[in-house]
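Below are some notes on the pockets of this model, set out point by point for a colleague's reading.

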Amino acid sequence: MGVHGVKAVFFDLDNTLVDTAAAGRRAIEEVLPLSVINALQSKHHYGEGEARAICDKVQAKLLKECHDPAKMCITDLRISHWEEAIQETIGGEANRNLAAECYYLWKTTRLQHLTLAEDTRGMLTELRKGVRLLLLTNGDKQTQREKIEACACQPYFDAIVVGGEQKEEKPAPSIFHYCCDLLGVQPAECVMVGDSLDTDIQGGLNAGLKATVWLNKTMTTPVDTSPVPHYIISSVLDLPAVLQKMGHKINAKLGSDHMSSNNE
C-alpha cells in the first residue's frame with residue numbers, strides 16, 4: 001500500500017477540508033436578524049445599526065482570539081466576546097444572558113453550515129484506496145469534535161487526532177509522531193496538507209515528514225513566506241496531481257541513479 005513512496009496523508013480540518021471561516025461569517029449574518037436585532041430592539045430599544053456593530057466586533061475578536069484551555073473554556077471565552085461587544089457598542093451593564101443567547105445561536109448556525117463538499121468526499125475516497133488518511137486538527141476538544149460530527153467526515157479517515165486532546169498541538173513534532181505511530185508509518189512516508197504555514201507546514205517540517213503541501217486559496221505570496229512548503233496548491237482537490245508530481249520526481253531520481261551505476 002502506498003503511492004510513490006507516500007503511505008499516509010495528514011489533513012488539517014479548518015479552512016482546508018471545510019470552510020470554517022465562511023461558515024462563521026454566514027452564522028454572523030444569520031444571527032443578526034434571528035437574535036441580536038430582535039433582542040436589542042425588544043429589550044434595549046436599539047436598532048439594526050447597533051446589532052451589526054456588535055457582530056462586527058465579535059468577528060474581529062474571533063480573528064484575534066488566543067485561547068488557553070488551562071485558563072478558560074472556549075464556551076466562556078466566546079460568550080465573553082459577545083458580552084464585551086455588546087457593552088462596547090451600547091454601554092451600560094454587562095449582559096451575560098444576552099451574550100450567551102447570541103453565542104449559542106451563532107455556534108449552532110455555524111455548525112449547520114460546516115460541510116465536507118461532495119468533490120472533496122470523492123477525492124478522499126479515491127485517495128484512501130492507495131494511502132492511509134488522517135485528520136489532524138488543532139483546537140479545543142469539544143469544539144473540534146462538534147465540527148467533525150457536523151461535517152460527517154469520520155468515515156473518510158483511518159484516524160482523527162484533535163490537538164486539544166494531546167499534550168502538544170501542531171507545530172510540535174510530538175503530535176505528528178503520535179499520528180505516525182497510530183497509522184504504523186514513518187514520518188518520511190507521510191505528507192501534511194493544510195492552510196497554515198505556522199502550524200501545518202512548520203509542523204510537518206519539524207517532524208521530518210516527506211512533504212508539506214500548503215493550501216493557499218488566494219495564491220498570493222505573503223511578504224514572508226516562511227517556512228517554505230514543498231508544494232503550494234490553490235484547492236485541496238489539486239492534491240492528487242501533487243502526489244503524481246512527487247512520483248515523477250522519484251522516478252526521475254531512480255532513473256538518474258540507475259544511469260550513474262551503469263556508468264560506473
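Where does the second largest pocket lie with respect to domain 1 (8–18 + 115–247) and domain 2 (20–113)?

1. The model is predicted, so that local features need pLDDT of at least 70 and side-chain atom pairs count only at pLDDT 80 or more, while totals for chains, interfaces and linings use all residues. Residues are numbered from 1 along each chain as its sequence is written, and side-chain values use heavy atoms, with hydrogens and water left out.

2. The second largest pocket lies between the two domains, because both give residues to its lining; the domain bounds come from an automatic or database domain assignment. A pocket here is an open set of points on a 1 Å grid over the protein atoms alone, where a 1.4 Å probe fits, with protein on both sides within 12 Å along at least five of seven lines, and lining residues have an atom within 4 Å of a point.

3. This second pocket has a volume of about 250 Å³, a volume being the space filled by probe spheres set on the points, which are joined across faces, edges and corners. Of its 18 lining residues, Thr16, Leu17, Val18, Asp19 and Lys217 are the closest to its centre.

4. The largest pocket holds about 1200 Å³ of space, and among its 37 lining residues Asp14, Leu62, Glu65, Arg78 and Lys147 lie nearest the centre. At least three lining residues come from each of domain 1 and domain 2.
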